Amino acid sequence: MRIVIAGGHGQIALRLERLLAARGDEVAGIIRHAEQGDDLREAGAEPVLLDLESVSVEEVAAHLQGADAAVFAAGAGPGSGAARKDTVDKGAAILFADAAVRAGVRRHVVVSSMGADPARRGDDVFDAYLRAKGAADAHVRSLDALDWTILRPGSLTNDPGTGLVRLEAHTGRGAVPRDDVATVLAELVDTPATAGLVLELVSGSTPVSVAVKSVAGP
């Protein structure tokens, strides 16, 4: 498979790129800064220099041509203000989904956040973040041309992955290592029968492959 990942230098994306490359997939990661390219090459991915805050749908679609799947794993990141939550977590996610439609890439996996809600109240930056993620998710869900799966992890940690998770429509709050999020994403990309699902993810007791199969359709 050829898989294009938005936010290719993110902590989850780099882990995912290593997993996909190791299993023989062709991986491209979209990055904003040229100096990030070496980290992607080291992970086995092809760096694509593109600023999702300033490009057109057509420009992004050109890089998605011929891909088998697209993964949105970009984020404004901690320390960014409410404005960038709107331009990255919402705007870039919508742009990337629209570009996938334009390029004819049906399989679309989104890294969202537990609690994402376009109607979230509050003035904190975190409230703005959850509103932005919720609005982006709603847009993706409206696109009939995509076989989308939305993954909403709990609190992210850098603990070593265990390969054991809880993956359900509603898990309740909890933490999950980024390693395990990446492993779940790799499995979801490969499991189109999870299309149309919004899934929450926390650490649990079920092996990743079993957890994904148990939520997948027939």
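This tour moves through three helix environments and one buried alanine, giving at each stop what to select and what is found there.

The model is a predicted one, in which local features need pLDDT of at least 70 and side-chain atom pairs count only at pLDDT 80 or more, while totals for chains, interfaces and linings use all residues. Residues are numbered from 1 along each chain as its sequence is written, and side-chain values use heavy atoms, with hydrogens and water left out.

Start with helix H3, residues 57-64; helices (H or I, at least four residues) and strands (E, at least two) are DSSP runs numbered from the N terminus. Its buried residues (under 20% relative accessible area, with a 1.4 Å probe and protein chains only) are Val57, Val60, Ala61 and Leu64. These residues lie on the same side of H3, because they cover an arc of only 100° around the axis, taken from the directions from the helix axis to the C-beta atoms. An α-helix has 3.6 residues a turn, so residues three or four places apart point the same way. Now add strand E1 (2-6), strand E4 (69-72) and helix H4 (82-103), which are included in what covers the buried residues of H3. After H3 comes glycine 66, with a positive phi near 85°.

Stay with helix H4 and select alanine 92, which is buried at a relative accessible area of 1%. Leaving aside residues up to four places away in sequence, alanine 92 touches Leu52, Phe72 and Thr87, contact meaning heavy atoms within 4.5 Å. Its C-alpha atom is 9.0 Å from that of serine 54, which is 38 residues away along the chain.

Next, show helix H1 (residues 11-22) together with helix H6 (residues 178-189), whose axes are 8 Å apart and pack at an angle of about 50°; axes are lines fitted to C-alpha atoms, for helices over the stretch in contact, with angles from 0 to 180 degrees between N-to-C directions. H1 and H6 are therefore oblique to each other, that is, outside the ranges under 35, over 145 and 65 to 115 degrees. On the H1 side the contact includes Ile12, Leu16 and Leu19, and on the H6 side Val181, Ala182 and Leu185 are among the residues met.

Finally, keep H6 and add helix H7 (residues 208-215), where the axes come within 10 Å and cross at roughly 45°. Thr183, Val184, Glu187 and Leu188 of H6 make this contact with Val208, Ser209, Val212 and Lys213 of H7.

Notes:
Buried < 20%, exposed > 50% of the residue type's maximum accessible area, 1.4 Å probe, protein only.
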